[in-house]
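Reader: I would like a close look at one part of this protein, namely the strands and the side chains that meet around them. Please take me through it slowly, with the cut-offs behind each term.

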Amino acid sequence: MDVSKLHTAASRWRSFLFLAFLAIGLTFLAGSNLAPVAGSMIQTQESRPRRSGQAPAAPAPTATPVTSSGSQAPATNRPTATPTPRATPVDRIAPQLGEPPPAPVLKPKPTPTPPEEYNENEIVRVNTEEVRLNVRVIDRNNRPIGNVRQDEFHVLEDGAAQPITDFSREEVPISYGLAVDTSGSLRSQLQSVIDAAKTIINSNKSGDETFLVRFISSDKIETVQDFTPSRDLLMDGLDSLYVEGGQTAIIDAVYLTAEHVAEYKKGDDNDRRRRALIVITDGEDRSSFYKQEQLFARLREEDVQIYVIGFVNELDKDSGLIRKSPREKAINLITKLATETGGRAFLPKSISELPQIASEIVRDLRTQYVVAYNPTNKARDGSYRTIKVTVDEPSSGDKRIVLTRSGRIAPREGGKAPKPPAVRQATKGVAGTNKSP
């Protein structure tokens with residue numbers, strides 16, 4: 001045998017064995033070391049965003065390493081790829097608006113407490129239940145009658161005669177509010193309304209005080225000028241009024257402003273102040289929080305006369321079988337506000353009547369009687385008591401008409417009946433704020 005051929009065959013056999021062992025080694029390394037790389041590639045591929053409508057790819061199989069003995073490695077030693085969770089679309093939910101938070105009452109006044117001990121030189125004042133009434137007496141032509149004597153007055157509470165303890169027809173200081181509706185419905189009348197309000201303010205006498213409010217919706221009841229005797233400040237406040245869009249909340253405005261008038265200087269010594277509220281509006285309530293029943297229950301606890309100038313002619317006159325027309329509803333509300341409080345309602349057909357109306361309001365406020373009585377029914381049960389005042393007819397036969405509030409709420413045992421919380425606050429405004437175009 002040729003020796004060179006044997007060497008050649010042996011060299012080829014060694015090369016074949018080397019390549020075989022090299023192939024086995026590479027296979028082992030591919031199974032053990034390259035699996036994490038493959039898993040990472042799978043994870044990266046999986047985390048890529050897919051186009052909408054594209055079917056999800058099947059998960060890639062994980063390589064299983066083989067030990068030197070030929071068996072599979074334990075599962076715990078296997079590197080696995082952790083898939084990245086897909087981002088889910090965010091649900092957009094419209095916020096649900098709840099009830100507005102309750103607002104504090106306008107200028108709460110602390111209740112004074114008497115001293116615990118008295119000495120013999122102190123004057124002790126006893127808090128009686130005396131009821132004071134502001135009374136107007138007019139003839140058939142609505143002209144005031146100013147010569148009625150005390151003995152001609154008669155007061156009835158729940159039909160029972162009451163003894164009159166105090167009587168006066170002298171002029172006393174007046175605290176009154178001017179609440180002006182500045183919603184879009186009064187745009188064409190606003191300047192005439194301002195001029196009429198200036199006529200009323202110009203009639204103020206020494207001791208009189210006035211505050212000015214503009215109102216639209218429940219969240220836009222703003223004190224433009226608080227109580228002041230200064231005509232200049234009040235005139236500036238009137239000149240700053242402007243029309244703004246919104247749903248008129250007359251009931252809320254009357255509730256807050258009448259309460260402010262009733263509480264002003266209440267409890268002062270020798271308080272003989274007359275209190276009134278003048279409201280100028282179209283009369284249609286659209287968005288008040290309070291109901292009419294709540295408003296009139298509150299007004300029966302306060303001695304505030306309400307005068308209303310209502311521009312109702314522009315309201316819709318149509319009514320259906322079920323509902324009243326907006327104009328009829330407005331007239332009913334305006335009339336009730338006046339009659340329940342001993343005030344007066346005006347329904348002008350044109351703005352040319354405003355100067356005369358302003359003069360009549362001034363005259364009514366100045367020519368009134370103050371009649372006080374100590375009620376015979378002492379029960380402190382919070383009940384409603386009807387009040388009726390009459391006067392004797394003169395021998396001439398001229399008709400006398402008496403106007404005053406129609407009733408009162410008796411106090412409860414332990415203090416006044418709790419009133420409902422005010423949920424809308426008459427926010428403090430600043431005269432001269434920027435006007436809307």
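Author: What follows goes from a buried strand to its partners, then to a sheet, and ends with charged and aromatic side chains.

This is a predicted model, in which local features need a pLDDT of at least 70 and side-chain atom pairs count only at pLDDT 80 or more, while totals for chains, interfaces and linings use all residues. Residues are numbered from 1 along each chain as its sequence is written, and side-chain values use heavy atoms, with hydrogens and water left out.

I begin with strand E11, which covers residues 369–373. Strands here are DSSP runs of E with at least two residues, numbered from the N terminus, and helices are runs of H or I with at least four. Five of the five residues of E11 are buried, so the strand is largely enclosed by the rest of the structure; buried means a relative accessible area under 20%, exposed means over 50%, and partly exposed lies in between, with a 1.4 Å probe and protein chains only. In a regular strand the side chains alternate between the two faces of the sheet. In E11 both faces are covered, with Tyr-369, Val-371 and Tyr-373 buried on one side and Val-370 and Ala-372 buried on the other.

Strand E1 (residues 131–138) is joined to E11 by five bridges and runs antiparallel to it, where two strands are said to pair if DSSP finds at least two bridges between them. Within this pairing, Val-131 has Tyr-373 of E11 as its bridge partner. Strand E4 (residues 164–168) is also antiparallel to E11, through four bridges, and Asp-166 stands opposite Ala-372 of E11.

Val-135 is a useful residue to follow from here, being found in strand E1 and buried at a relative accessible area of 0%. Leaving aside residues up to four places away in sequence, Val-135 touches Phe-153, Gln-368, Tyr-369, Val-371, Val-402, Leu-403 and Thr-404, a contact being heavy atoms within 4.5 Å. Val-135 and Asp-364 are 229 residues apart in sequence, yet their C-alpha atoms are 9.9 Å apart in space.

Two of the residues touched by Val-135, Phe-153 and Tyr-369, also belong to one aromatic cluster together with Phe-167. For such clusters, rings of Phe, Tyr and Trp (its six-membered ring) pair if their centres lie within 6.5 Å, and planes under 30 degrees apart count as stacked, over 60 as edge-to-face and the rest as tilted.

Phe-153 also leads to a second sheet topic, since strand E2 consists of residues 153–157. Four strands form an open sheet in the order E3-E2-E12-E14, with antiparallel pairing. Its edge strands are E3 (160–162) and E14 (407–409), each of which pairs on one side only. The twist averages 35° from one strand to the next, where axes are lines fitted to C-alpha atoms (for helices over the stretch in contact) and angles run from 0 to 180 degrees between N-to-C directions. E2 and E3 pair over three bridges, and Val-155 stands opposite Gln-162 in E3.

The side chains of Glu-157 and Arg-385 meet in a salt bridge at 3.4 Å, N to O, the term meaning a side-chain nitrogen of Lys or Arg within 4 Å of a carboxyl oxygen of Asp or Glu. Glu-157 lies in strand E2 and Arg-385 in strand E12 (residues 384–391), so the pair ties together parts that are 228 residues apart in sequence. Both partners are buried, Glu-157 at 4% relative accessibility and Arg-385 at 1%. Arg-385 also forms a salt bridge with Asp-381, the closest N and O atoms being 3.2 Å apart, and Asp-381 is partly exposed at 41%. Elsewhere, salt bridges that share partners join Arg-136, Arg-344, Glu-360, Arg-363 and Asp-364 into one network. The structure holds 26 salt bridges.

Charged groups also meet rings. The charged end of Arg-214 sits over the ring of Tyr-242, 4.3 Å from its centre, which requires NZ of Lys or CZ of Arg within 6 Å of the ring centre and within 35 degrees of the ring normal. Lys-336 likewise lies over the face of Phe-296, at 4.5 Å from the ring centre.
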